[in-house]
Amino acid sequence: MNFSMHASTSARTVFACWLLAACMRTSRAELDAPTAPSPAPQPQPQIASVEAVTEAPTAAVMAKTAGLYIEDGRFDEALALTVEGLSQFPDDRDLLRAKGAVERRQSHHREAIATYERLLKVSPDDAAAPPILTLLLRQVAEGAPAPEAASFLQRAAELSPSDQPTLAAWCLAAAKARQAENVIAAYNGLDAANQSRPELQRAAADSYLAVKNFTRAVAVLDILLDLPGNRTTAETFVEAASHLPPDEGRAALARAAARHPNNTDLLRATAKLALDRREVWTGLNLLARVLALDPADGDAAGLKAALLADLGCFTLARECLDAHAAAMDAALVKSIRSRTEDARRQWTDIDAAVATEKGPTNVLTLAYGDVRADAAPGSPGLTQADLIRQLDYLKGHNFHFTSEREVAAARRHHDPLPARPVLLLVQGGYASFAQRVLPVLEQYNAPVVLAIPTAQLEGEASIPSENPLMNWDQLRTLGSHPLVTLASQTHDLGARVPVNPQGDLALASVNRRYLAESASYETAQDYLDRVALDLKTAMRIIEARTGRMTDVLIWPEGAFNDVTLHEAQNLDVGMMFARWSPGLRAPPTVYPALDITPGTGLAAFARQVWRWGLPPVSPRRVLKAMPLDLQAVVSGTPSVMLANLADAVERAVSLRVTRVYLTACADDNEDGAADAAYFPNRVLPVKVDLLSHAVHALRQRGLEVHLVMPSIGIQPLKAPDPRLVVMEYHWGRVTPSGPMNPRLSPFDAEACRLIQTLYEDLGAYVDFDGLMIGSDAFLTDAEDAGAAAAALMRERVGIRERNPAVLSPAQQQQRLELKITVLDALAADLCQTAKAFRPNVYGARFIAGAVVNDPEARTEFAQSFSDSLARFDGLWVDVTPERYSVRDADAWIQDLADTVATLPGGREKTMFAFGLLTENSSRWLSRSDWVDRVRDVVERGGRQITYFPDETRKDGLPKPKVVLRVHQEANEAAHAARD
């Protein structure tokens with residue numbers, strides 16, 4: 001080897017060392033640093049090719065040399081060197097780093113990505129490569145098509161799972177590429193701050209919808225509802241909620257409504273969903289809220305008005321039309337206006353038949369029960385459509401719905417009520433209230449008292465309801481509804497209990513139980529304790545279950561009496577409601593309510609409304625009644641008695657009468673005074689306990705039952721104390737009247753107490769419709785001359801003489817007026833005694849026909865037709881001219897009917913009783929005479945007729961065909977009459 005060759009080798013070795021030292025100045029970090037704008041190239045010493053340095057350079061030397069090339073800005077040479085090096089050392093990390101760095105410098109991002117991916121494959125634990133690769137992937141994604149960009153960003157997110165900008169970019173790119181799963185994955189990796197970005201929320205919501213994850217979609221969309229201009233978002237939110245399970249969807253909508261109460265877009269979309277689901281009432285409420293926020297929304301107004309018209313709420317549709325017509329479509333306005341006017345015209349005929357200009361004289365209280373969706377064939381059930389027609393009629397006639405609080409304040413403090421106030425009650429606790437009643441009331445903004453029968457809801461009722469009931473959760477919610485006042489309907493006083501030995505069942509609230517095991521009745525104290533416990537139980541349960549106390553009570557079936565009333569007042573019940581009837585005399589705390597019975601048409605409803613609180617009018621058709629004397633029934637064994645009663649009931653049904661006058665006491669010795677009774681009592685012997693069962697049997701066939709009771713004509717003792725009986729002055733002597741028609745003195749306090757005790761027991765043990773004080777309530781001119789009567793004469797009118805013959809005409813008149821007053825007062829008191837147990841009882845008394853027109857007859861009977869007419873619910877007038885020795889029977893009857901018709905309430909209150917036997921019972925009135933007499937009365941305005949006596953024997957009179965013919969003639973005469 002010569003010198004020159006040795007020198008050359010040595011030079012290469014020295015240069016290689018210098019090169020290595022220079023390369024050491026270029027760090028790995030510099031090669032791997034993110035690309036930044038390159039500074040202006042600085043003059044660098046020329047670097048010879050690596051081949052000039054060494055024949056076999058190492059990978060490290062090549063990598064360092066490439067780094068020097070990069071530093072010198074010689075990127076092509078650096079890239080060539082790394083490519084050459086990697087061809088020899090394909091997995092060298094330094095060469096890969098150098099290659100990646102030069103590719104980045106040259107903005108060859110895709111190649112750089114491939115290089116760094118290779119580097120990570122070779123060295124998975126390389127800490128510097130992931131952030132650089134992440135940055136490269138994001139840079140490439142910026143200009144790439146959506147699917148490719150999403151792919152790059154997905155890889156970037158894998159490398160930097162906590163990098164929020166990367167995740168956000170991936171979420172948006174995946175959304176553009178419609179990669180729902182990737183959007184969701186990216187969104188779920190974001191922190192709370194980034195998840196609140198609207199564009200990312202929209203992307204996530206769309207993706208949740210795409211994969212049918214409606215729960216998450218609803219949650220995200222609910223947040224987006226906060227943004228303005230979000231109609232599409234609101235519609236999407238509601239659509240998503242509609243796909244959730246029903247309860248979950250309703251809860252989501254409720255939460256959104258609570259968070260965004262003034263979001264009209266949400267309200268519109270929710271209304272559309274409700275209408276699509278045929279939840280019309282919910283949709284209407286939502287449309288109303290839209291219009292409250294945006295009155296110019298013509299679409300919402302038009303839809304609401306059309307829906308109301310379709311439902312039959314024509315007055316509400318017209319109100320909506322009048323308020324928003326300017327914003328609505330003109331054609332729609334015209335159509336709805338035409339429909340509402342047609343509905344109003346349909347009321348014209350109804351209004352023409354009733355006195356609509358007068359109207360109710362007090363608060364119109366209407367009581368409803370179960371309301372059905374549709375009436376079943378042949379069923380008289382009240383439907384939602386019926387309810388709408390009735391409420392719409394009321395609103396269209398300027399009635400105003402009011403609450404029980406307003407009514408109570410008006411009564412207690414004289415606070416003013418609106419004109420024609422209406423208070424609504426709903427009884428029974430039926431599920432139909434929440435389903436069908438409350439939605440209608442909300443449209444009319446009508447407050448309601450909702451009665452809760454607690455035993456039914458607790459599953460403790462004696463007779464479970466046949467109709468579905470609400471549950472306590474529903475009632476707890478309803479308790480906070482602004483239109484609803486919860487009330488008690490007692491616990492189980494609406495149950496039926498045994499009330500007589502025959503096993504008949506009647507309301508527990510107003511009837512004593514019959515205890516079969518002991519063959520006795522519940523005592524007065526036991527009855528009182530039972531009622532008190534029931535009322536307390538109901539109020540305690542309502543408070544415990546709903547968290548609300550109530551001081552409002554609705555009596556089951558409207559039935560109450562003084563006992564139940566007293567116990568309710570002890571519990572501080574401030575307002576009670578009972579069923580209205582013409583005979584009801586309710587105390588101030590009890591408000592009468594008109595039961596709206598199923599099957600009531602609009603015309604009948606209107607008649608009831610406009611006549612509320614007004615005296616009854618004389619009907620065109622005749623009310624027909626018949627007498628039934630239990631004396632003809634109670635013979636033989638008990639089974640024979642029941643068979644006789646069944647025959648009597650069938651006769652009453654066959655005669656097509658409306659009312660039966662049933663005798664309550666017996667006159668076994670036929671002296672004109674009651675000596676036994678047909679019901680349990682403390683005054684007279686009980687002949688047979690049959691009256692309650694007879695009433696029940698007749699009522700079961702749809703007949704009213706009015707009991708005929710003696711007043712002073714009773715014999716409680718075999719040898720009555722002379723101080724208690726009616727006395728007469730005769731030939732200078734004062735002796736007991738008799739032997740016929742013995743009576744107790746209406747002037748004697750002890751005698752009156754005995755009679756009232758009999759009436760107390762009648763009310764306690766028997767449920768009935770009406771009471772007629774019998775014909776024994778009279779005093780002749782010579783009666784009453786007893787000590788008590790004489791004392792009252794001296795006290796009231798200053799008359800000391802018992803002999804009426806020596807009195808002056810003025811004194812005789814004073815004496816007569818006092819006797820009339822005392823008899824009327826006693827009869828009225830007896831009616832009130834019965835009403836203490838049966839408040840709905842119709843109280844009437846017997847009046848001799850002669851006293852209507854003959855002043856002298858007033859002296860003979862001590863009765864006054866006009867005075868009694870003003871005092872009682874009704875009068876029973878004897879139309880038997882043969883009894884009064886008149887010359888012209890026809891003229892007498894005609895005069896009597898004319899006089900009755902001229903007096904206020906005469907036509908409506910008077911029952912004309914036609915005697916079919918002459919005074920001495922020697923002959924029956926002929927059918928033709930009977931027909932003529934009935935016609936004379938009916939043509940002059942009489943609208944209630946009966947007859948007496950009624951024979952139940954096969955050979956007796958009148959025959960059924962005769963009675964039916966007389967009744968037919970009466971109806972024909974009434975129809976032809978012009979009142």
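How many disulfides does the structure hold? Zero, and keep in mind that this is a predicted model. The views below take a few residues in turn.

**View 1. Cys-831, a buried cysteine whose sulfur has no partner for a bond.** The closest cysteine sulfur belongs to Cys-752, and it sits 14 Å from the sulfur of Cys-831. A disulfide needs the two sulfur atoms within 2.5 Å, so this pair is too far apart for a bond. Cys-831 has a relative accessible area of 4%, which means it counts as buried.

**View 2. Cys-171, another buried cysteine.** Here the relative accessibility is 0%, so Cys-171 goes down as buried. As for disulfides, the structure holds zero.

**View 3. Asp-492, a buried acid without a salt bridge.** Look for Asp-492 in the loop that links strand S5 (484-488) to strand S6 (496-498). The nearest side chain of opposite charge is that of Arg-513, 6.7 Å away. A salt bridge would call for a side-chain nitrogen of Lys or Arg within 4 Å of a carboxyl oxygen. Leaving aside residues up to four places away in sequence, Asp-492 touches Ala-455, Glu-460, Ala-461, Ser-462, Ala-508 and Asp-534.

**View 4. Asp-76, an exposed acid in a helix.** Asp-76 is part of helix H5, which covers residues 75-88. With a relative accessible area of 58%, over the 50% cut-off, Asp-76 counts as exposed. Gln-106 is 30 residues from Asp-76 in sequence, and the C-alpha to C-alpha distance between the two is 8.8 Å.

How values were computed: Residues numbered from 1 in each chain as written. Predicted model: local features only at pLDDT ≥ 70, side-chain atom pairs only at ≥ 80, totals over all residues. Heavy atoms only, no water. Buried < 20%, exposed > 50% of the residue type's maximum accessible area, 1.4 Å probe, protein only. Helix = DSSP H or I, 4+ residues; strand = E, 2+ residues; numbered from the N terminus. Lys, Arg positive; Asp, Glu negative; His and termini not counted. Contact = heavy atoms within 4.5 Å.
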